[in-house]
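Trainee: I would like to learn how to read a model like this one. Please give the general idea each time, then the case at hand.

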Amino acid sequence: MSALLEIEQLEVTFGGRTHRSTAAVRGASLAVERGETHCLVGESGCGKSVTALAVMNLLARGGERRARRLSFQGDDLLKLDDGGMARLRGNAMAMIFQEPMTSLNPAYTVGSQMTEVLRRHKRASQRVATDRAADLLARVGITAPGLRLGQFPHQLSGGLRQRVMIAMALMCDPQLLVADEPTTALDVTVQAQILRLLAQLQRDLGLGLLLITHDLGIVARVAHRVSVMYAGEVVESAATSELFANPCHPYTQGLLRCVPVPGKIRRDQPLGSIPGTVPRVGPGFEGCAFRERCSFADATCAHTIPRRNAGATHDYLCRLPA
Amino acid sequence: MRTATPAIEVRNVGRTFRVKGGLLGKDRHVVAVDDVSFTVPQGGVLGVVGESGCGKSTLARLILGLLKPETGDITVEGLQVADMHRKARARLIQPVFQDPFASLNPLAKVRDIVAMPLIAQGNIARAEIAKRVEEMLTRVGLTSEMSGRLPAELSGGQRQRVAIARALVLRPRIVVCDEPTSALDVSVQAQILNLLAELRRELGLTYLFISHNLAVVEHVASEVAVMYLGRFVERQPTETLFAAPEHPYTKALLASVLTPEPGLGVPDVGLGDTLPDPANIPPGCRFHPRCPIAEPRCSVERPLLKPRPAGGVECLLAPDLR
Ligand SMILES: Nc1ncnc2c1ncn2[C@@H]1O[C@H](COP(=O)(O)OP(=O)(O)O)[C@@H](O)[C@H]1O
Ligand SMILES: Nc1ncnc2c1ncn2[C@@H]1O[C@H](COP(=O)(O)OP(=O)(O)O)[C@@H](O)[C@H]1O
Ligand code: SF4
Ligand SMILES: [Mg+2]
Ligand SMILES: [Mg+2]
């Protein structure tokens with residue numbers, strides 16, 4: 001059986017084919033299995049959000065998407081027209097964003113926005129929809145769901161809004177949930193609560209979860225599988241325990257050394273760091289995009305780089321053997 | 001004796017804000033900093049952690065003399081901040097803020113931004129200014145080619161280097177860092193943290209270091225203060241705080257640090273879904289509505305500071321060690 005979501009050789013460019021255009025995603029491939037949390041991790045500008053938006057067919061104007069294959073539950077998403085995609089979004093595949101207010105309408109109550117989804121996609125009655133909305137609010141840990149249904153988004157704290165977003169995304173029993181940095185704007189305590197909730201829901205409902213984050217701590221704690229993105233490419237992909245035990249790409253290794261971990265590095269010792277910053281890459285770029293920052297780089301890194309296997313389900317994009 | 005004078009001494013400092021209500025709403029009286037006292041020794045690094053809105057930035061601005069306290073007094077290097085002339089204060093204490101973009105003049109070139117504090121002193125020769133700016137830029141890792149650029153032409157990490165150069169060009173004794181790396185990617189965060197640590201050692205600086213990231217604070221601070229609704233609810237040497245946190249809020253904060261260790265899952269931080277409101281400080285212990293171990297007396301009795309060998313804790317249930 002094919003995976004729940006399959007992305008093969010996805011390319012996204014902005015600004016046409018001019019010299020000023022950006023190759024935001026460059027040949028990225030990944031698969032999200034049913035009942036699995038797949039984390040897409042990388043620093044800002046690496047192409048994580050654009051990948052998610054390309055899957056949902058929500059790219060901003062000027063964004064052009066190509067792929068060898070893009071399928072959801074075996075259906076070809078590249079062949080779906082706008083109407084077909086709209087029937088899937090918020091239904092079998094749902095998405096939540098870093099800032100809940102980008103998808104919550106300030107003019108409507110939480111209740112009317114939540115029930116609208118179910119009425120539109122499933123033609124449910126108002127009563128059935130309201131009951132389900134209240135159930136789901138309770139399910140995501142909101143006390144007094146009845147009260148919250150009648151409130152407007154601005155009357156809720158950031159953490160509550162994100163819980164509402166999650167509940168809303170679950171209204172139509174999705175198979176796939178795409179969450180783009182859902183806790184980045186929240187305080188650490190609230191972040192932990194929301195992530196715990198997401199992990200629990202993922203398990204209990206058997207969701208496929210594509211979780212986008214820049215935080216390796218989050219990856220370690222919730223992912224089954226990880227894809228590390230750099231300058232639009234998936235540079236390493238592995239099962240979570242494998243990635244942390246045996247990181248093969250110099251970028252993955254560097255990232256792991258940068259993260260301060262209590263009790264690990266003495267205060268007077270420097271943290272590991274990667275010099276420089278993520279480059280912006282145009283179409284037609286050749287070689288490894290990390291080479292300017294990589295301590296292992298040599299002349300061959302400017303040419304096409306092979307994808308190597310470091311195990312049955314572990315691969316990476318670097319000239320260095322495992 | 002010079003070392004006997006603390007670098008920073010804060011005594012019973014309080015600050016509130018009156019926030020206008022809406023058309024019909026009443027004015028709200030926000031308590032930002034509530035009767036806080038502490039000292040930071042010469043060459044020490046006090047880390048301040050806590051959720052957004054707990055008063056960290058207000059505390060920073062009070063110490064920098066950018067805001068007047070309503071009660072209490074603040075001395076730096078033994079001098080009253082309130083009585084100090086702006087120029088003298090600038091030679092003693094300087095800020096580095098989170099968003100270098102907001103704190104740098106967008107129309108000024110890098111070298112002019114860094115020269116500003118020297119020019120403002122009014123008595124430093126042109127040639128001397130140029131020399132010191134050049135030295136400082138090199139010291140923070142910016143090339144001379146960059147000194148002619150505008151802030152918009154720099155990366156986030158480079159902008160933060162400019163902000164650090166500007167803060168240090170007058171050779172102050174104390175630097176107040178308010179979330180200096182929160183807007184940066186981890187690889188760049190590591191570069192900046194390492195730079196701040198080197199500069200502190202070389203120049204013998206004292207830091208007040210504010211962050212919402214406990215792992216970062218653990219790496220840089222010699223002592224940590226945990227702030228909740230305007231008060232320090234626990235203050236301890238860093239090792240003690242991380243090894244044996246006493247306040248339930250400190251424990252919750254530590255539990256929410258997601259270290260990159262696979263297999264541990266996301267812990268239950270046990271705080272419920274009510275959020276603190278600084279315009280409505282709960283009676284008794286201000287943490288009691290969220291406290292997982294609260295007893296009935298916690299909602300009526302106000303906890304006093306229980307001293308510890310090098311700090312203290314404000315919880316009714318913490319043991320009295322005297
Ligand atoms: N609407 C857009 N127009 C032009 N470039 C864009 C647009 N959206 C994203 N990009 C570019 O695509 C790249 C990847 O962006 P993004 O996917 O948002 O990164 P991430 O989510 O990993 O931080 C960046 O270089 C970004 O500037
Ligand atoms: N200039 C101001 N006017 C009104 N309220 C303010 C002002 N500055 C801060 N506050 C309020 O004081 C409280 C503490 O804010 P702040 O010190 O910025 O917290 P933190 O830096 O910990 O997030 C918040 O409730 C904030 O809204
Ligand atoms: S391909 Fe070369 S530059 Fe890229 S990560 Fe490997 S060694 Fe470094
Ligand atoms: Mg993004
Ligand atoms: Mg602040």
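Mentor: Begin with the elements: helices (H or I, at least four residues) and strands (E, at least two) are DSSP runs, numbered from the N terminus. For instance, A:Ala199 sits in helix α7 (residues 188-205) of chain A. This is a predicted model, in which local features need pLDDT of at least 70 and side-chain atom pairs count only at pLDDT 80 or more, while totals for chains, interfaces and linings use all residues. Residues are numbered from 1 along each chain as its sequence is written, chains are lettered from A and ligands numbered from 1 in the order in which they are written, and side-chain values use heavy atoms, with hydrogens and water left out.

Trainee: How many helices and strands does chain A have, and how many are there in chain B?

Mentor: Chain A has ten helices and 13 strands. In chain B there are ten helices and twelve strands.

Trainee: What does the radius of gyration say about chain A?

Mentor: The radius is taken over C-alpha atoms, and the globule rule is 2.2 Å times the number of residues to the power 0.38. For 322 residues a compact globule would come near 20 Å, and chain A, at 21 Å, agrees with that. Chain B also has 322 residues, and its 21 Å agrees with the 20 Å or so of a compact globule. Along the principal axes, the C-alpha atoms of chain A fill a box of roughly 65 × 50 × 40 Å, while the trace of chain B spans about 70 × 55 × 50 Å.

Trainee: How should I read burial, and is A:Ala199 buried or exposed?

Mentor: Buried means under 20% relative accessible area, exposed over 50%, and partly exposed in between (1.4 Å probe, protein chains only). A:Ala199 has a relative accessible area of 17%, so it is buried. Over whole chains, 53% of the 322 residues in chain A are buried, and 53% of the 322 residues of chain B count as buried.

Trainee: What is the accessible area of each chain made of?

Mentor: Accessible areas come from the Shrake-Rupley method with a 1.4 Å probe; for residues, only the protein chains shown count as cover. Chain A exposes about 13,800 Å², with 49% supplied by carbon and sulfur atoms. For chain B the exposed area is about 14,100 Å², and carbon and sulfur supply 55% of it.

Trainee: What counts as a contact, and which residues does A:Thr115 touch?

Mentor: Contact means heavy atoms within 4.5 Å. A:Thr115 belongs to helix α3 (residues 110-122) of chain A and is buried, because its relative accessibility is 4%. Neighbours within four places in sequence aside, A:Thr115 is in contact with A:Gln126, A:Ala129, A:Thr130, A:Ala133 and A:Met171. One of these, A:Thr130, is 69 residues from A:Ala199 in sequence and 25 Å from A:Ala199 in space, C-alpha to C-alpha.

Trainee: Where does B:Glu234 lie, and what surrounds B:Glu234?

Mentor: B:Glu234 is part of strand β10 (residues 231-237) of chain B. Its relative accessible area is 1%, so B:Glu234 is buried. Not counting residues up to four places away in sequence, B:Glu234 touches several residues, including B:Val224, B:Leu241, B:Glu246, B:His247 and B:Val313. B:Glu246 is twelve residues from B:Glu234 in sequence, and their C-alpha atoms are 7.7 Å apart.

Trainee: What is there to notice about phi?

Mentor: Most residues other than glycine have a negative phi. A:Ala231 is not a glycine, yet its phi is positive, about 45 degrees. A:Ala231 is placed in the loop between β10 (225-230) and β11 (233-239) of chain A and counts as buried because its relative accessibility is 5%. In chain B, B:Glu179 has a positive phi near 50 degrees. B:Glu179 lies in the loop between β7 (174-178) and α7 (186-203), and with a relative accessible area of 10% B:Glu179 is buried.

Trainee: How is chain A divided into domains?

Mentor: Domain bounds come from an automatic or database domain assignment. Here domain 1 covers 5-81 + 178-187 + 204-284 and domain 2 covers 93-173. Their C-alpha centres lie 27 Å apart, and 16 residues of domain 1 are in contact with eleven residues of domain 2.
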